[in-house]
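Biologist: I am new to this structure and would like to be walked through it. Could you show it to me before we begin?

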Amino acid sequence: MESRRTLSRRAALQAALPLLTGFTGLTAFTAQAQTSLGHIAMSVSSPATTLSASQVHLPWTQQASIYEVNVRQHTPEGTLKALALDLPRLKQMGVDILWLMPLQPIGKKERKGGLGSYYSIRDYTAVNPEFGTLDDARMLVKQAHALGLKVILDWVANHTAWDHPWASAHKDWYKLDARGELFPVTFTEGPEPEYWTDVIALNYDKPELRRAMIAAMKFWVREIGLDGFRCDVASLVPTDFWERARAELDALKPMFMLAESDKVDLHAKAFDMTYGWDLAHLMRDIAQGKADAEALRAWVRQQAGPQAPYPAHAYRMRFTNNHDFNSWHGTDRELYGPAFEAMAVLSFTLPGMPLVYSGQEAALDKRLAFFEKDPIDWKTRELQGFYSELLTLKKRLPALANGQYGASVELLDVANPQVFAFRRQTQGQGVTVLANLTPAAQRYRWQGQELELAAWQSRLLSP
């Protein structure tokens with residue numbers, strides 16, 4: 001059951017985009033006569049490139065959105081069987097790709113908390129009994145495929161748990177200290193050293209390790225039917241390993257690959273998509289009053305032209321939250337306050353593939369414990385309609401396609417610099433977005449009229 005607040009929000013969205021729900025008459029909506037929205041400041045498009053076969057993405061990714069599943073916390077049971085029961089709802093909401101956080105058994109030695117970190121793996125080719133069995137994983141993927149969903153698995157290639165069998169059988173596959181001993185993953189670049197005390201780092205100078213890691217990834221594709229991987233701290237693993245892994249995995253089944261990294265060269269041959277931390281951090285700064293609409297316009301301009309940081313074919317993942325943000329930095333309310341819906345709209349309409357994290361559609365209002373059982377309170381799923389509208393919009397409008405398949409960003413001047421306005425359209429179809437990025441009402445000019453947006457209000461219009 002939806003709250004009154006949800007229903008009023010949906011009504012407002014539908015008033016601005018009257019044919020959005022269900023996309024009845026989509027062609028009529030997107031092909032309406034074009035009208036001028038103030039003065040066009042500039043058109044921001046990515047540089048044209050000649051793409052190699054490795055830079056042409058699978059068709060099912062081109063209009064897709066992604067949903068990160070925290071299996072432990074997604075249901076009271078915290079199992080794959082329980083998650084499978086929620087797949088029809090996720091499909092109906094508009095999800096395309098499911099990203100499952102790591103499913104493998106968690107190390108016991110140096111374990112953090114009672115249940116441990118998902119990212120401390122002691123067996124790459126098994127399932128954590130907390131979640132179920134390999135058969136449960138296989139059945140989940142089969143059910144997802146029957147619904148038209150794709151499934152990728154979080155893959156932790158940089159490190160293992162202390163009690164992974166490799167640590168005793170192949171100690172030389174790991175990074176060792178000056179005494180020749182295993183040591184926790186350590187970072188010394190910051191003002192103070194950081195230690196991941198429950199894991200030990202692998203040494204990719206060893207060809208045998210590389211072969212074993214690729215074999216483990218192949219197992220999940222061949223035996224479970226996965227469609228790809230999200231690769232944890234991917235930039236800490238040599239790029240040439242990822243390129244070899246991608247080639248061998250593609251030979252089994254064409255893959256979709258997401259890197260937890262913003263390293264540009266990962267897009268050359270290894271990965272379809274990298275993390276868009278840049279926009280996520282900027283949106284958080286805007287919501288907290290540390291940046292404004294002009295900073296966002298500057299960000300848009302930086303993405304285009306000869307000095308663009310990423311090639312046109314690079315998918316960038318856009319998000320307002322994920323497992324790291326939520327557990328270590330805050331909920332949507334903590335990070336964005338009343339601005340979080342406006343930021344969600346931007347993450348779905350600016351270039352990139354949008355992410356929804358487990359529980360965001362239920363207005364998740366707590367930081368989920370990372371090492372303990374802490375299930376999501378689904379309440380009334382008060383934001384499910386909001387996210388469903390955005391997921392459907394993303395899926396149906398060609399202008400919002402990912403990477404080289406989407407339209408450029410046209411920045412618009414609406415006579416108020418505090419209102420961030422832009423248009424994306426192709427072949428007469430698209431969307432115009434206006435967002436008040438301040439905590440006060442703002443007036444703006446549109447089609448010769450002076451109109452108003454409430455604090456943090458966003459409005460979606462046909463081009």
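Modeller: What follows is a conversation about the strands, the helix contacts and the salt bridges of this predicted model.

Biologist: Let us begin with the strands. Which strands close into a barrel, and in what order?

Modeller: The barrel has 8 strands, which run in the order E2-E3-E4-E8-E9-E10-E11-E12. Their pairing is parallel. On average, neighbouring strands of this sheet are turned by 25 degrees against each other, direction ignored.

Biologist: Can we look at one pair? Over how many bridges do E3 and E4 pair?

Modeller: Strand E3, residues 97-100, and strand E4, residues 150-155, pair over 4 bridges in the parallel sense. Within this pairing, the residue opposite Leu98 is Val151 in E4.

Biologist: And what holds paired strands together in general?

Modeller: Strands of a sheet pair through backbone hydrogen bonds, and the pairing may be parallel or antiparallel.

Biologist: Where is the antiparallel kind found here, then?

Modeller: An open sheet of 3 strands, in the order E5-E7-E6, has antiparallel pairing. The edge strands are E5 (159-161) and E6, each of which pairs on one side only. From one strand to the next, the twist averages 60 degrees.

Biologist: What joins E6 to E7?

Modeller: A hairpin does, through 6 residues. Strand E6 covers residues 184-187 and strand E7 covers residues 194-201, and the two pair over 4 bridges in the antiparallel sense. Phe187 has Glu194 in E7 as its bridge partner.

Biologist: Now the helices. At what angle do H11 and H12 pack?

Modeller: Helix H11 (residues 277-287) and helix H12 (residues 293-302) pack at about 165 degrees, and their axes are 10 Å apart. An angle over 145 degrees counts as roughly antiparallel, so H11 and H12 are described as roughly antiparallel to each other. Their crossing is left-handed.

Biologist: Which residues make that contact?

Modeller: From H11 they are Asp278, Leu279, Leu282 and Ile286, and from H12 they are Ala295, Leu296 and Trp299. By class, this contact of H11 with H12 has 6 nonpolar, no polar and 1 charged residues.

Biologist: Asp278 catches my eye. What else does Asp278 pair with?

Modeller: Asp278 forms a salt bridge with Arg318, and the closest N and O atoms are 3.3 Å apart. The pair links distant parts of the chain, since Asp278 lies in helix H11 and Arg318 in strand E11 (residues 315-318), 40 residues apart. Strand E11 is also one of the strands of the barrel.

Biologist: When can such side chains pair, and how many salt bridges does the structure hold?

Modeller: Side chains of opposite charge can pair when their charged atoms come close. The structure holds 26 salt bridges.

Biologist: Back to helices. Are H15 and H16 roughly parallel or antiparallel, and why?

Modeller: The axes of helix H15 (residues 340-349) and helix H16 (residues 384-396) cross at roughly 20 degrees and come within 10 Å. Angles under 35 degrees count as roughly parallel, and H15 and H16 are therefore roughly parallel to each other. H15 passes H16 in a right-handed crossing.

Biologist: What does each helix bring to that contact?

Modeller: H15 brings Glu341, Ala344, Val345, Phe348 and Thr349, while H16 brings Phe386, Tyr387, Leu390, Leu391, Leu393 and Lys394. Sorted by class, the contact of H15 with H16 has 8 nonpolar, 1 polar and 2 charged residues.

Biologist: One last pair: how do H6 and H8 pack?

Modeller: Helix H6 (residues 134-146) and helix H8 (residues 207-224) pack at about 65 degrees, with axes 10 Å apart. Leu134, Ala137, Arg138 and Val141 of H6 meet Phe219, Trp220, Glu223 and Ile224 of H8. This contact of H6 with H8 has 6 nonpolar, no polar and 2 charged residues.

Definitions and conventions. Residues are numbered from 1 along each chain as its sequence is written. This is a predicted model: local features need pLDDT of at least 70, side-chain atom pairs count only at pLDDT 80 or more; totals for chains, interfaces and linings use all residues. Side-chain values use heavy atoms; hydrogens and water are left out. Axes are lines fitted to C-alpha atoms, for helices over the stretch in contact, and angles run from 0 to 180 degrees between N-to-C directions. Angles under 35 degrees count as roughly parallel, over 145 as roughly antiparallel, 65 to 115 as roughly perpendicular and the rest as oblique. A crossing is left-handed if the near helix is turned anticlockwise from the far one by less than a right angle, and right-handed if clockwise. Contact means heavy atoms within 4.5 Å. Ala, Val, Leu, Ile, Met, Phe, Trp, Tyr, Cys and Pro count as nonpolar, Asp, Glu, Lys and Arg as charged, and the others, Gly among them, as polar. Two strands pair if DSSP finds at least two bridges between them. A salt bridge is a side-chain nitrogen of Lys or Arg within 4 Å of a carboxyl oxygen of Asp or Glu.
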